[in-house]
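User: Please take a close look at one part of this protein for me, the cysteine link. Then carry on from there to a few other spots, in plain words.

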Amino acid sequence: MKRTTLSLIAGATALAAVTGFAALTAPEGTADPGATKATTRLPVERVGLACPVPSSSEVAETVYTSYTPAATDAGKTPDAGKTPGSDTSPGSDKGKDKAEKPTALLKPATGATASGGTGKKPAAPKAPATVTTPGKPVTAEANGASVPALTGSATGALAPGWTVQQTTVVPAGGSRGLLGLTCGAPDTDFWFPAASTAKARHDYVHLTNPDDTAAVADITLYGPEGVLKSQFTEGIPVPAHSTVPVLLSTLTQEAAQRDVTVHVTTRSGRVGAAVGVADDKLGSDWLSASADPSGSVVLPGIPADATSVRLVVFAPGQDDADLKVKLSTANGAIVPAGASTLHVKSGMTTSIDLPDLTRGSAASLFLGPENAKRPVPVVAALQVVRGKGEKSEIAFIPAVGPISARATVADNRAKASTLSLTAPDADAQVRITASAGSGAGTPASKTVTVRAGTTTALTDLVPQGLKGSYALTVEPVSGGKVHAARTLAVPQDGVPMFTVQTLTDDRGTVEVPSARQDLGVLD
């Protein structure tokens with residue numbers, strides 16, 4: 001019988017390098033229980049992202065913006081090229097010739113494009129959006145309907161906080177609009193309230209596999225009366241480095257539903273998932289996944305000039321949810337007229353229109369349990385419309401969790417971006433940094449206090465001498481929890497085209513034991 005000694009600190013860091021997170025559980029009796037309480041946070045060494053096919057329109061114009069934030073005290077990046085567990089100290093030959101150069105690169109996925117073609121190799125962006133230095137965004141363009149889904153990863157010093165924004169303008173046609181999406185990390189479970197199988201809607205759920213092994217996914221649809229009878233929704237194969245678009249209306253023979261909640265899970269492997277929405281009258285945009293089910297949810301960044309807001313909520317558990325509804329404005333939290341409470345039946349999609357909601361002030365929506373001692377987890381999203389009649393445009397705001405350490409959104413543009421910050425429970429102070437421009441510009445930062453229950457909208461933080469686009473990074477400094485969203489508005493021909501991206505924590509660090517420990521493994 002042999003005893004093999006492993007270093008928990010090296011093992012945890014190596015796990016973080018592969019997955020972006022790590023969890024440690026020592027076998028019973030192997031270490032002092034108190035020893036595991038002392039931990040430290042280290043930057044992740046590898047992260048992956050998936051970007052779906054941007055559009056089915058031949059006139060679509062897509063820009064990819066790739067960005068890694070500069071190191072901060074909250075998450076200093078490791079030495080470039082140094083891999084977890086390697087020894088590159090002076091006098092050591094280990095790792096000298098094996099050090100990897102940090103990379104952050106997107107590559108085309110295989111499989112069908114939005115136009116349905118599979119035989120020809122799809123057209124990749126003209127130049128890959130390859131980040132070479134933290135703190136400076138890099139852009140790439142790709143036009144037309146043959147643009148593929150993209151998958152990629154960032155390593156080393158470029159991994160912590162790496163983000164990619166996919167922004168598409170479709171100036172005309174049935175999918176007309178501004179479509180924005182923060183390319184997502186692969187996962188195994190996604191909730192999408194506010195999807196639809198209505199005749200006027202053409203909603204596709206895009207499943208993109210960035211890994212080297214195949215994934216198998218299931219899709220479940222929930223309408224106002226519960227689960228929709230579906231077909232071809234179980235065991236959907238998603239080959240390695242490929243994408244599969246699925247038209248929701250083809251999955252069920254039941255009557256068209258205006259509001260549907262989509263649940264995507266995987267039986268094996270991981271996928272990136274997003275819902276592409278095209279409405280015959282209201283344009284198009286991406287619907288990102290809601291935050292995980294929670295008893296209290298926040299939906300930040302409702303534009304000040306929204307002409308229509310529709311709230312869609314789903315309770316995935318066994319219990320009904322009774323929710324209080326509050327609107328967070330610049331002056332504080334108020335109760336929306338006629339919508340102070342909402343009853344959500346278990347397993348059924350519930351929706352409500354909120355007319356004249358913002359009245360000229362950027363706002364956020366808070367949902368919480370009527371009985372604080374009995375919270376029922378829900379997922380939620382908003383469908384938001386700007387403009388009227390033929391000059392209307394649609395966008396979506398999913399529920400999002402608080403920023404715990406840092407969050408970034410890329411592809412901001414001068415006089416076109418609004419950053420909305422809201423603090424549901426207590427005053428909060430945050431530091432906001434505008435990066436250098438993709439063409440030129442000097443970074444700028446400011447510290448902002450968000451009062452409890454209010455929503456603060458910022459439009460004036462722009463790099464000095466800006467050329468091109470820039471990134472915005474939000475870091476909590478003190479106080480309560482903060483939720484954030486960015487609105488990008490690019491009007492065209494009288495249509496108030498816009499898109500809203502919520503900011504999720506970048507999980508740029510991983511918690512590991514701060515003291516070196518030995519784990520005995522018997523074999």
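Analyst: Let's start with the link itself: cysteine 51 and cysteine 183 are joined in a right-handed way, with 115° about the S-S bond. The two sulfurs sit 2.1 Å apart, S to S, and this makes the pair a disulfide (two cysteine sulfur atoms within 2.5 Å). By that rule the count is one disulfide.

What does the link hold together? Cysteine 51 belongs to strand E3 (residues 46-51), while cysteine 183 is in the loop between strand E10 (177-182) and strand E11 (189-195), so the bond ties parts that are 132 residues apart in sequence. The strand labels come from DSSP runs, numbered from the N terminus (helices, H or I, need at least four residues and strands, E, at least two). Both ends of the link are tucked away: cysteine 51 is buried at a relative accessible area of 0%, and cysteine 183 is buried at 4%. Here, buried means under 20% relative accessible area, exposed means over 50%, and partly exposed is in between (1.4 Å probe, protein chains only).

A quick word on where the numbers come from. This is a predicted model, in which local features need a pLDDT of at least 70 and side-chain atom pairs count only at pLDDT 80 or more, although totals for chains, interfaces and linings use all residues. Residues are numbered from 1 along each chain as its sequence is written, and side-chain values use heavy atoms, leaving out hydrogens and water.

Now hop over to a sheet. Four strands make an open sheet in the order E29-E36-E31-E33, with antiparallel pairing (two strands pair if DSSP finds at least two bridges between them). E29 (407-412) and E33 (444-450) are the edge strands, each with a single partner strand, so each has one side without a neighbour in the sheet. From one strand to the next, the twist averages 25° (axes are lines fitted to C-alpha atoms, for helices over the stretch in contact, and angles run from 0 to 180 degrees between N-to-C directions).

Zoom in on E29. It runs antiparallel to E36 (residues 470-479), and four bridges join them. If you look for asparagine 412, you'll find tyrosine 470 of E36 standing opposite. E29 also holds aspartate 411, which has a positive phi of about 60° although it isn't a glycine. Aspartate 411 counts as buried, at 2% relative accessibility.

Tyrosine 470 turns up again around a hole inside the protein. Searching the whole structure for cavities of 30 Å³ or more gives one. On a 1 Å grid over the protein atoms alone, a cavity is a set of points where a 1.4 Å probe fits but cannot get out, and lining residues have an atom within 4 Å of a point. The largest cavity has a volume of about 50 Å³ (the space filled by probe spheres set on the points, with grid points joined across faces, edges and corners). Its lining includes Ser417, Leu419, Asp460 and Tyr470. E30 (417-422) and E36 are the elements that give two or more residues to this lining. By class, the lining has five nonpolar, two polar and one charged residues (Ala, Val, Leu, Ile, Met, Phe, Trp, Tyr, Cys and Pro count as nonpolar, Asp, Glu, Lys and Arg as charged, and the others, Gly among them, as polar).

Next, a hairpin: E18 and E19 form one, with three residues between them. E18 (residues 272-279) and E19 run antiparallel and are joined by five bridges. One partnership there is aspartate 279 with glycine 283 in E19. E19 (residues 283-287) is mostly covered, with five of its five residues buried.

Finally, some loops. Phenylalanine 232 lies in the loop between E14 (226-227) and E15 (236-238). Phenylalanine 232 has a positive phi of about 60° without being a glycine, and it is exposed at 67%. Glutamine 231 is in the loop between E14 and E15 too, and is partly exposed at 28%. Its C-alpha is 6.0 Å from that of threonine 252, 21 residues away along the chain. Elsewhere, aspartate 356 sits in the loop between E25 (349-353) and E26 (363-369), exposed at 58% relative accessibility. From aspartate 356 to alanine 337, 19 residues apart in sequence, the C-alpha to C-alpha distance is 9.0 Å.

Technical notes: 1 Å grid on protein atoms, 1.4 Å probe; cavity = no way out; pocket = protein on both sides within 12 Å on 5 of 7 lines; lining within 4 Å.
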